[in-house]
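Let's take a walk through this structure together, starting from the empty space inside and working outwards to the strands around it. Keep the 3D view open as you read.

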Amino acid sequence: VLHVGPGDTFPDLTLPTSTGVTFSAGELRGRSAALFLFYRGDWCPFCRTELGVMNDYYGTIRAAGVELFAVSVDPPEVSERLRQRLGVPFTFLSDRDGQLLDAIGIRHVDGHGDDDIAYPAQILVDRNGIVRWTFRADSYRQRAHPEEILAAIAALGG
């Protein structure tokens, strides 16, 4: 069960990007909406597929005033290798200790061997930092359909 839902404030934690810059969701306030896509790790074929599909919709997402962030427990250098391998322009965030996973309620304890990972999830946050739409997978194979995501973005009303 997600700890955040529509109407809640998105947690403002500071995380490193795959390029070594620090990022805080608070930086987006008043500037941009954001779609946070939580994936299991670079080793997950379903996740790599999802990230590739989201790249196909990236132009539409950006045109709607939404920034896209891919979040996993992978270290920044692993995330950056994946970002480059997939050739995607969006930002990857590294939640090594699972602080954001815990704040949201998507930590999958021992989800990859002895390592904790994220349950696949997507959270759309408006430009004021308020959660407007969420999706949490019931299975590691399940993802939100791009049409659902685009409909949620359209409902933000720019």
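The largest cavity has a volume of about 50 Å³. Bear in mind as you look for it that this is a predicted model. Which residues line the largest cavity? You will find A25, L28, R29, S32, A33, A34 and F36 around it, together with V125, D126, R127 and G129. Strand 3 gives the largest share of this lining, three residues. By class, six of the lining residues are nonpolar, two are polar and three are charged.

A second cavity is there to be found as well, with a volume of about 40 Å³. Its lining is made up of F10, P11, L13, L15, F23, S24, A25, F36, L93 and L100. Here the division is nine nonpolar and one polar, with no charged residue. Notice that A25 and F36 belong to this lining, and that A25 and F36 also line the largest cavity. With the cut-off set at 30 Å³ or more, the count comes to two cavities.

Now turn from the cavities to the pockets, which are open. The largest pocket has a volume of about 160 Å³. Its lining holds 13 residues, and those nearest the centre are V73, D74, R96, D115 and D116. Two elements, strand 6 (107-112) and strand 7 (115-118), each give two or more residues to this lining. The largest share, three residues, comes from strand 7. What is the lining of the largest pocket like by class? Seven of its residues are charged, four are nonpolar and two are polar.

Next, find the sheet. Five strands make up an open sheet with mixed pairing, and their order is 5-4-3-8-9. At the edges are strand 5 (91-94) and strand 9 (131-136), each of which pairs on one side only. On average, neighbouring strands in this sheet are turned by 20 degrees against each other, if direction is ignored. Helix 5 (residues 146-156) packs on the sheet and touches strand 3 (33-38), strand 4, strand 8 (121-125) and strand 9. The direction of helix 5 makes about 170 degrees with that of strand 9.

Both edge strands are worth a closer look. On one side, strand 5 pairs with strand 4 (residues 66-72) in the parallel sense, over four bridges. If you want a residue pair to zoom in on, S72 has S94 in strand 5 as its bridge partner. On the other side, strand 9 pairs with strand 8 in the antiparallel sense, over five bridges. L124 finds its bridge partner in strand 9, namely W133. Strand 8 and strand 9 form a hairpin with five residues between the strands, where G129 takes a positive phi near 85 degrees. G129 may sound familiar, as one of the residues that line the largest cavity.

Finally, come back to strand 4 for a side-chain contact. The whole structure contains five salt bridges. One of them joins E67 and R31, with 3.3 Å between the closest N and O atoms. Why does this pair tie together parts that are 36 residues apart in sequence? E67 lies in strand 4, whereas R31 is in the loop between strand 2 (22-24) and strand 3, so the salt bridge links those two parts.

Terms used. Residues are numbered from 1 along each chain as its sequence is written. This is a predicted model: local features need pLDDT of at least 70, side-chain atom pairs count only at pLDDT 80 or more; totals for chains, interfaces and linings use all residues. Side-chain values use heavy atoms; hydrogens and water are left out. On a 1 Å grid over the protein atoms alone, a cavity is a set of points where a 1.4 Å probe fits but cannot get out, and a pocket is an open set with protein on both sides within 12 Å along at least five of seven lines; lining residues have an atom within 4 Å of a point. Grid points are joined across faces, edges and corners, and a volume is the space filled by probe spheres set on the points. Ala, Val, Leu, Ile, Met, Phe, Trp, Tyr, Cys and Pro count as nonpolar, Asp, Glu, Lys and Arg as charged, and the others, Gly among them, as polar. Two strands pair if DSSP finds at least two bridges between them. Axes are lines fitted to C-alpha atoms, for helices over the stretch in contact, and angles run from 0 to 180 degrees between N-to-C directions. Contact means heavy atoms within 4.5 Å. A salt bridge is a side-chain nitrogen of Lys or Arg within 4 Å of a carboxyl oxygen of Asp or Glu.
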